[in-house]
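Q: Please look closely at one part of this structure, a loop residue and the surroundings it leads into. I would like a connected account that starts from its contacts and works outward to the fold as a whole.

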Amino acid sequence: MGRPKRNIQAAAEESMTPPDALSENQTLARVIKAEGNNLYSCLLPNQKTVVVELADRFRNTIWIKRGGYALVELYPAPEPKSRVEGEITNVVRDEKAWRKQGYWPKEFAKKTYDDESEDESNVGKMPPSDSEDED
């Protein structure tokens with residue numbers, strides 16, 4: 001039997017609103033790759049890659065795409081035989097609201113393109129004709 005619908009909706013609602021502040025062992029991370037069995041490879045703001053586990057309440061409820069963001073709670077001292085270094089405690093679904101928070105890392109800033117680079121691009125332009133070369 002599946003989960004009650006109220007549990008699924010509660011998990012979805014929880015991931016829509018960002019917390020006011022983060023604890024010292026929590027950080028935002030970019031999801032690099034799904035490792036399988038609810039394990040994800042994530043990139044921390046300090047460019048360190050860690051393997052984290054998805055919290056039970058999000059399993060089979062919320063899917064995380066590659067390149068998405070998640071709130072990761074790192075374990076204080078990882079177990080010696082385990083490769084899991086933390087747990088995904090929240091999934092960033094409304095990225096715009098999360099970016100407005102003061103704790104959003106500068107390393108994950110949105111990339112903007114310069115107007116100059118767009119002018120130099122040949123995308124969408126016709127190739128030069130042969131008659132222009134004869135002049």
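A: Leaving aside residues up to four places away in sequence, glutamate 107 touches Pro45 and Gln47. The model is a predicted one, and what follows should be read with that in mind. Glutamate 107 is placed in the loop between H2 and H3, and it is classed as partly exposed because its relative accessibility is 47%, a value that falls between the limits of 20% for buried and 50% for exposed. A backbone distance gives a further view of this region: the C-alpha atom of glutamate 107 is separated by 8.1 Å from that of asparagine 46, although the two residues are 61 apart along the chain.

One of the two contacts of glutamate 107, Gln47, leads to a hairpin. Strands E2 and E3 form this hairpin with five residues between them, and glutamine 47 takes a positive phi near 70° there. E2 covers residues 39-43 and E3 covers residues 49-54, and their antiparallel pairing extends over five bridges. Within that pairing, leucine 43 has threonine 49 of E3 as its bridge partner.

The other contact, Pro45, is also touched by a residue of another strand. Threonine 27 belongs to strand E1, which spans residues 26-36, and its contacts, again without residues up to four places away in sequence, are Leu22, Leu44, Pro45, Ala70, Leu71, Val72 and Leu74. Pro45 is thus touched by glutamate 107 and by threonine 27. The relative accessible area of threonine 27 is 19%, and because buried means under 20%, the residue counts as buried, whereas glutamate 107 is partly exposed.

The loop that holds glutamate 107 also takes part in aromatic pairing, and the model contains two aromatic pairs in total. In one of them, the ring centres of tyrosine 69 and tryptophan 104 are 5.0 Å apart with the planes at 70°, so this pair is edge-to-face. It joins distant parts of the chain, since tyrosine 69 lies in strand E4 (residues 69-74) and tryptophan 104 lies in the loop between helix H2 (95-99) and helix H3 (115-120), with 35 residues separating them in sequence. Tyrosine 69 and tryptophan 104 are both buried. In the other pair, tyrosine 69 meets phenylalanine 108 with ring centres 5.3 Å apart and planes at 50°, so the arrangement is tilted. This pair, too, connects distant parts of the chain, from tyrosine 69 in E4 to phenylalanine 108 in the loop between H2 and H3, 39 residues apart, and phenylalanine 108 is buried, as is tyrosine 69. Through these ring pairs, Tyr69, Trp104 and Phe108 are linked into a cluster.

Strand E4, which carries tyrosine 69, has pairing partners of its own. It pairs with E1 in the antiparallel sense over five bridges, and leucine 28 has leucine 71 of E4 as its bridge partner; Leu71 is also among the contacts of threonine 27. E4 is joined to E5 by five bridges as well, with the two strands running antiparallel, and there valine 72 stands opposite isoleucine 88 of E5. Isoleucine 88 is also the bridge partner of leucine 54, within the parallel pairing of E3 and E5 (residues 84-91), which rests on four bridges.

Placed in order, the strands form a closed barrel of five, running E1-E2-E3-E5-E4 with mixed pairing, and from one strand to the next the twist averages 55°. The chain has four helices and five strands in its secondary structure, arranged from the N terminus as α-β-β-β-β-β-α-α-α. Its contacts reach far along the sequence: of those between residues at least 6 apart, 61% join residues at least 24 apart. Of its 135 residues, 30% count as buried, among them threonine 27 and tyrosine 69. The chain exposes about 10100 Å², of which carbon and sulfur atoms supply 47%.

Conventions
Residues are numbered from 1 along each chain as its sequence is written. This is a predicted model: local features need pLDDT of at least 70, side-chain atom pairs count only at pLDDT 80 or more; totals for chains, interfaces and linings use all residues. Side-chain values use heavy atoms; hydrogens and water are left out. Two strands pair if DSSP finds at least two bridges between them. Buried means under 20% relative accessible area, exposed over 50%, partly exposed in between (1.4 Å probe, protein chains only). Contact means heavy atoms within 4.5 Å. Rings of Phe, Tyr and Trp (its six-membered ring) pair if their centres lie within 6.5 Å; planes under 30 degrees apart count as stacked, over 60 as edge-to-face and the rest as tilted. Axes are lines fitted to C-alpha atoms, for helices over the stretch in contact, and angles run from 0 to 180 degrees between N-to-C directions. Accessible areas come from the Shrake-Rupley method with a 1.4 Å probe; for residues, only the protein chains shown count as cover.
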